[in-house]
Amino acid sequence: MSNPVPPRQKPEQPWRSEGAPEPAPTPPPKRRPPGGWGGLVLAALVVYLLANLVLSFFGDGDEPTISYTEFSKQVDSGNVSKIYSKGDSIQGQLKKEQKDPDGGDSYTKFTTQRPEFADDKLWSDLTEHDVTVTAEPVVQERSFLSNLLISLAPMLLLVVLWILIARRMASGMGGAGGMLGRKQPPKPVELEPGKKRTTFADVAGIDEVEGELNDVVDFLKNPDDYRAMGARMPGGVLLAGPPGTGKTLLARAVAGEAGVPFFSASASEFIEMIVGVGASRVRELFAEARKVAPAIVFIDEIDTIGRARGGGSGMGGHDEREQTLNQILTEMDGFSGSEGVVVIAATNRADILDPALTRPGRFDRVVSVSPPDRSGREAILKIHTRAIPLADGVDLAQVARTTPGMTGADLANLANEAALLAVKRKQRQVTQSDLSEALEKVQLGAERPLVMPDDERRRTAYHESGHALLGMLQPGADPVRKITIVPRGRALGVTLSTPDADKYAYTEEYLRGRIIGALGGMAAEHVVYGVVTTGAENDLEQVSNIARGMVARWGMSERVGRLSALPNDAQQAYGLAAAPGTLDTIDGEMRRIVDECYESACRQLRDHRERLDALAAALLRNETLEEAEAYRVAGAPRLGKEA
Ligand SMILES: Nc1ncnc2c1ncn2[C@@H]1O[C@H](COP(=O)(O)OP(=O)(O)OP(=O)(O)O)[C@@H](O)[C@H]1O
Ligand SMILES: [Zn+2]
């Protein structure tokens, strides 16, 4: 019946490939530890050193360090029950809990350090107050053997390193992969004839993104056509979006659609290894891909090596990251695309990426992948229940309605949990109540809240409806194309308006309309809730820019007059600034315009409150409204060019 999937496992190979032809049969590998004996010894050493490090940290738990003065006081007041000393450092336990003098939590366990010059009568104080004393000598005696080992360790390490380096040189650039991992080249996994490859049919809810990747598929299918035209593919595609939105799935589907091999690696795996390996791993990976091109190379978590320089500390050290990254960029610069290897990378953190990555010829196409909206969720649920027998009356649309904010991975997990529940209950089919119970379980077990609180969704719906409705009502404004309360990046919602045709000059009426539309989110919150939240920062930035332009550059204010009141860049370079009086006037005029617009925005929303309510309700229901639907719900005529 159902086919529950086991939990995701981390594969051991440094990268995986699928669908590539099997290479000529190689003799069965000799049994030896991965990476050879050198690697084994090295690994043992590393483990030993790490263990020591961990142990040395472990000792001093989290009891607060108190001053020796405080300690003496506690002894004198008879509040110390026992101590343990090693040389002059003392750990102890209090009878009664004490307030931390530094304002931390109260404590009963503590550590302190007795100054070497202390000439108090600690011993007699302790015995007088009945403190149990345990002590240990400072210098631990070690056996001869362990002393020897410890003093030899650095030497050993050097020898092992030397051997490894020598081997690496001997086997040429390709052979560097095997320090800790495998030594033989990656073995592409032959596609089992019975196993269906991932295609776009396995992906749902992100149709726009699929559309963007169609030409990549086309290129991979017919590289010769492109070559004949001398056309170049974009260097690489970067999929940016929150975890679990299907980035990996999508990359795999592109390979499946095109029928080409798929190589995947996680950038963090490149640099988790010992220094110096990342770059050669990359080289090998691309070499393999080129052998079977056209192919796709997928690099997950590219941000772990591609974060902007100087931003935070990554794994594996700075140089290692940079070298690995540079290698990837070199490989990408290296193909003219005609070699037929397309690189798809994924990240959850497009905001911290090194700009070098998105330069032309590299990941010059950034496609953002968002969590699905209601209908997308329903489609995803359909996909993930394909193999699950559903009882009559199971309503996936209803499940989709109750799961706003959940990603494809969350939904796949939900379907799987429901199937597991049904198996446990010895049912033959999954019922609606299995699904709701699974939902509860999935939400409780989640580290992050999967679902935005209702009141926040409602507020967002009103905010976006405010933008949209005012956008529809201003004569000459750009038509509203799409409204959504599916969070994207840092925005809780988005209202998109674009002109019917390119515009080169703007009227004052149009600009005021833009300001009114941008203030619409705030105004709606004001009208509906009486208070305004912080969600309007970007809106206000936009408003200020337009208002400043109107007043100071485009001569739309009587008081400032028809002159360009702010110095342009060239004038600024000569140290020219606006006169202080002028700045005040500009400021005053900007305020006047924005205040007028805000009043107008609130007035219009009050006048059309029922339209605002209708839009917000539709958004809460559907999460996304396309142009036609939005105008219909708002009952607003589509102004501007006849649609
Ligand atoms: N849009 C979708 N349609 C169908 N299934 C999806 C979708 N998104 C995610 N899934 C399911 O969730 C699983 C995990 O998604 P995937 O690993 O592709 O997400 P990701 O965006 O790459 O996440 P991460 O950033 O954590 O790597 C997929 O294998 C698939 O089963
Ligand atoms: Zn807004």
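Where is Glu301 found? In this predicted model, Glu301 is found in the loop that runs between strand β8 (295-300) and helix α10 (303-306), and the sections below return to this residue after a general view of the protein.

## Overall make-up

The model is a predicted one, and the protein in it has 22 helices and 13 strands. Of its 643 residues, 37% count as buried. Among the contacts in the protein with a separation of 6 or more, 77% are accounted for by residues 24 or more positions apart.

## Two loop residues with positive phi

Glu301 has a positive phi of about 55 degrees, although Glu301 is not a glycine. Its surroundings hold 19 C-beta neighbours inside 10 Å, and Glu301 therefore counts as partly exposed, given that a residue needs 20 or more to be buried.

Asp130, which is not a glycine either, has a positive phi of about 65 degrees. This residue lies in the loop between helix α3 (122-128) and strand β5 (132-136). Asp130 counts as exposed because it has 10 C-beta neighbours inside 10 Å, where 12 or fewer is the cut-off for that class.

## The packing of α18 and α20

Two packed helices are described by the angle between their axes and the distance between the axes. For helix α18 (residues 537-552) and helix α20 (residues 580-607), the angle is about 120 degrees and the axes are 9 Å apart. The two helices, α18 and α20, are therefore oblique to each other, since an angle of 65 to 115 degrees would count as roughly perpendicular and one over 145 as roughly antiparallel. The crossing of α18 and α20 is right-handed.

On the side of α18, the contact is made by Val543, Ala547, Arg548, Met550, Val551 and Ala552, while α20 contributes Ile586, Glu589, Met590, Ile593 and Val594. Sorted by character, the residues of this contact between α18 and α20 comprise nine nonpolar and two charged ones, with no polar residue.

## The surroundings of ligand 1

Ligand 1 is surrounded by 19 residues, of which the closest are Gly246, Thr248, Leu249, Gly408 and Ala409. Three helices, α7 (247-258), α12 (374-384) and α14 (408-424), each supply at least two residues of the shell around ligand 1.

In terms of residue character, the shell around ligand 1 divides into 10 nonpolar, seven polar and two charged residues.

Methods: Residues numbered from 1 in each chain as written. Chains lettered and ligands numbered in written order. Predicted model: local features only at pLDDT ≥ 70, side-chain atom pairs only at ≥ 80, totals over all residues. Axes fitted to C-alpha atoms, helices over the stretch in contact; angles between N-to-C directions. Helix = DSSP H or I, 4+ residues; strand = E, 2+ residues; numbered from the N terminus. Parallel < 35°, antiparallel > 145°, perpendicular 65-115°, else oblique. Left-handed = near helix turned anticlockwise from the far one by under 90°. Contact = placed C-beta atoms within 7 Å. Nonpolar A, V, L, I, M, F, W, Y, C, P; charged D, E, K, R; others polar. Near = placed C-beta within 6 Å.
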